Amino acid sequence: MTTHDSDLVRDADETNDRRPGTPRRGTGFLDGPLTLRTTPSATVGPFLAIGLTWPDGPFAVAEGTPGAVWLRGRVLDGNGDVVPDAMVETWQADPDGRFAHPDDPRGAATTEGFRGVGRSDTRHGEYAICTLKPGPVPDGEGGWQAPHVDVSVFARGLLDRVVTRVYFADEAQANAADPVLTGLSTEQRATLVAQPTEDGYRLDVHLQGDSETVFFAV
Amino acid sequence: MSGSPSSFVLPRYPPEDADQRTPVAFPGYRSTGLRAPLRTPVDLPHRLTEITGPVLGEDRVAPGDADLTLRAGGEAQGQRIVVFGRVLDSGGRPVPHALLEIWQANAAGRYRHVVDNWPAPLDPHFDGLGRVVTDSLGRYEFTTVKPGAYPWGNHHNAWRPAHIHFSLFGTAFTQRLVTQMYFPGDPLFGQDPIFNAIPPAARDRAIATFDLSRTQPDWALAYAWDVVLRGTDQTPFETDEDGDVA
C-alpha cells in the first residue's frame with residue numbers, strides 16, 4: 001500500500017516539537033495535546049445484514065462447550081412491536097472475570113475457545129448469543145462488579161448505537177453490591193437483569209415505553 | 001484503596017463534545033420516532049469492560065475482501081474507485097491491525113438485500129460487502145464501484161445520497177463506531193435527514209475527499225477518508241474529594 005498525506009495526521013516535525021508556544025498546524029491550539037474531532041456516527045440502516053453478518057457471529061463460544069448458555073431476547077420499539085432489523089453485539093469477561101484483551105491489567109484472559117464478543121441480528125424475532133456466563137469483574141477500586149455483559153444495539157432508526165448491560169437474576173448478592181446497579185432505581189435495575197431459562201437467560205431490550213431499558217452514555 | 005490487588009488506574013476515553021456527535025434521534029428521520037430511546041442515558045464510568053473490546057483482525061478477512069469489483073467470476077458495473085485512508089484516534093495515534101467492515105449499494109443504487117426491491121438492476125458481480133484490516137500505520141484501502149443514490153420512503157421523493165457504510169471496533173468497547181461515508185458535492189445532501197442529523201460542525205468529517213494524486217491512471221478514481229475514533233486521555237486521571245473521577 002502506498003502512503004498518503006492526510007491533513008489529519010501529524011507529521012514528525014509537529015509531533016516532536018515541544019517548544020512552548022510553538023504553533024501546531026491544524027490543531028487550533030498554540031500549545032497543548034493534538035486533538036482530532038471524531039468521525040460522526042450514522043445509522044446501520046435496513047441493510048446491515050449485508051455487511052455485518054458473520055456465520056459464527058452468535059457464538060462467543062462453540063455450542064456444546066461446558067457451561068455454554070444462550071442469551072436471548074427481543075428488541076421492542078415504542079409500540080411494543082418486535083424490531084426485526086436490529087443487531088445486538090455483546091462484549092464480556094470470561095468465567096474468571098478476565099478479558100481477552102491486552103489492556104486488562106491482570107493479563108489477557110486465556111479461556112480456550114472463548115472470544116468475548118458475540119453478534120446477532122434479530123431477523124428471526126430475537127437476538128441469540130451462545131456464550132459463557134462471565135465471572136465478577138473488579139471495579140478497579142478494590143471492589144467488584146457483578147457478572148455483566150456490555151451490549152450495543154444497532155438498528156435502522158438509531159443514528160448511533162445504544163448501549164446497555166445484561167446482569168443475571170441468579171446473582172442477587174453480587175447484583176446488590178454492583179456499583180452500576182446500586183445507582184439505579186428498582187424499576188431501572190429490572191430492565192437490566194436477565195432471567196434464567198431452560199438453556200440460558202432471557203432479557204428483552206425495550207427501546208421505548210413504560211419499561212424502557214436503561215441505556216448508558218459511555 | 002491503593003495497595004488492594006484489584007485497584008488499578010485505567011485509561012478513559014473522553015466522549016466527543018455533544019455538538020460534534022450525531023444524536024441517536026433526529027425528527028426528520030421518521031424511523032427514529034418509535035425506536036430512539038426517550039429517556040436520558042445514564043452515565044457509565046469506564047471500567048474494565050468498557051476500556052477493553054473485541055480484538056478482531058485478519059481472522060475475519062478472506063482473500064479478495066478488499067476488492068468489491070470482482071465477485072462471482074466477473075467485474076462489477078460502475079465507476080471504479082479506490083477508497084483509502086487511516087484509522088486514527090482523537091489523539092492522532094494510528095489504530096493498527098483494526099477491522100473495517102463496509103457495505104454499500106451497487107452503481108445503480110440497489111442493495112443485494114431482500115427488503116430492497118426498487119426497480120433498479122442488481123449486478124451479478126457485485127454483492128456490496130468488503131472487509132479490510134488496517135496496516136501497522138492504521139492505513140486501509142479497498143477497491144469498489146461508486147454506489148448510486150436510491151429512493152426511500154422517509155418523505156415524498158426522498159433519496160439517499162451515495163454512501164458507503166463503515167463499521168469499526170477500534171480496540172475498546174468505547175470506540176465502537178458504525179457510520180456512513182459520503183462523496184463530496186452530492187446534490188442530495190440538502191434533503192437527506194440522515195446526513196443532516198449530523199451536527200453542522202461535524203458534517204465535513206463524514207465526506208470523503210477526491211484525491212487526484214491517488215487516482216490510478218486508466219483504472220480508478222480515488223477518494224480519501226480518515227476515520228477518527230475516540231482516544232484515551234493522555235494524563236492519569238485524578239480523583240476529587242468524593243472519589244469520583246474528576
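1. A residue is called buried here if 20 or more other C-beta atoms lie within 10 Å of its own. Keep that cut-off in mind for the strand discussed in point 3. The model is a predicted one, with two chains, A and B, considered below.

2. Chain A has 218 residues, and buried residues make up 46% of them. Its secondary structure consists of four helices and 13 strands. Take the contacts in chain A between residues at least 6 apart in sequence: 68% of these join residues at least 24 apart.

3. Which residues of β5(A) are covered on each side? On one side Y127(A), I129(A) and T131(A) are buried, and on the other side A128(A), C130(A) and L132(A) are buried, so both faces of the strand are covered by the cut-off in point 1. The strand spans residues 127-132 of chain A, and the count of buried residues is six of six.

4. β5(A) also has a pairing partner. Strand β1 of chain A, residues 68-73, pairs with β5(A) in the antiparallel sense, over six bridges. To find one of the partners in the model, start from V69(A): its bridge partner in β5(A) is T131(A). T131(A) is also one of the buried residues listed in point 3.

5. Chain B has 246 residues, of which 42% count as buried. It has two helices and 14 strands. Along the principal axes, the C-alpha atoms of chain B fill a box of roughly 65 × 40 × 35 Å. Among its contacts between residues at least 6 apart in sequence, 73% join residues at least 24 apart.

6. How many residues of each chain are in contact with the other chain? On the chain B side there are 79 residues, in contact with 67 residues of chain A. Several elements of chain B each supply at least two residues of the side that touches chain A, among them α1 (48-51), β4 (80-89), β7 (139-145) and β11 (177-182). By residue class, this side of chain B divides into 38 nonpolar, 22 polar and 19 charged.

7. The two chains are also joined by strand pairing. Strand β13 of chain A, residues 216-217, is connected to β1(B) by two bridges, and the two strands run parallel. Which residue of β1(B) is the bridge partner of F216(A)? The partner is V42(B). β1 (42-43) is itself listed with the elements of chain B that each supply at least two residues of the side touching chain A.

Conventions:
Residues numbered from 1 in each chain as written. Chains lettered and ligands numbered in written order. Predicted model: local features only at pLDDT ≥ 70, side-chain atom pairs only at ≥ 80, totals over all residues. Contact = placed C-beta atoms within 7 Å. Nonpolar A, V, L, I, M, F, W, Y, C, P; charged D, E, K, R; others polar. Pairing = 2+ DSSP bridges. Buried ≥ 20, exposed ≤ 12 C-beta atoms within 10 Å, placed from the backbone.
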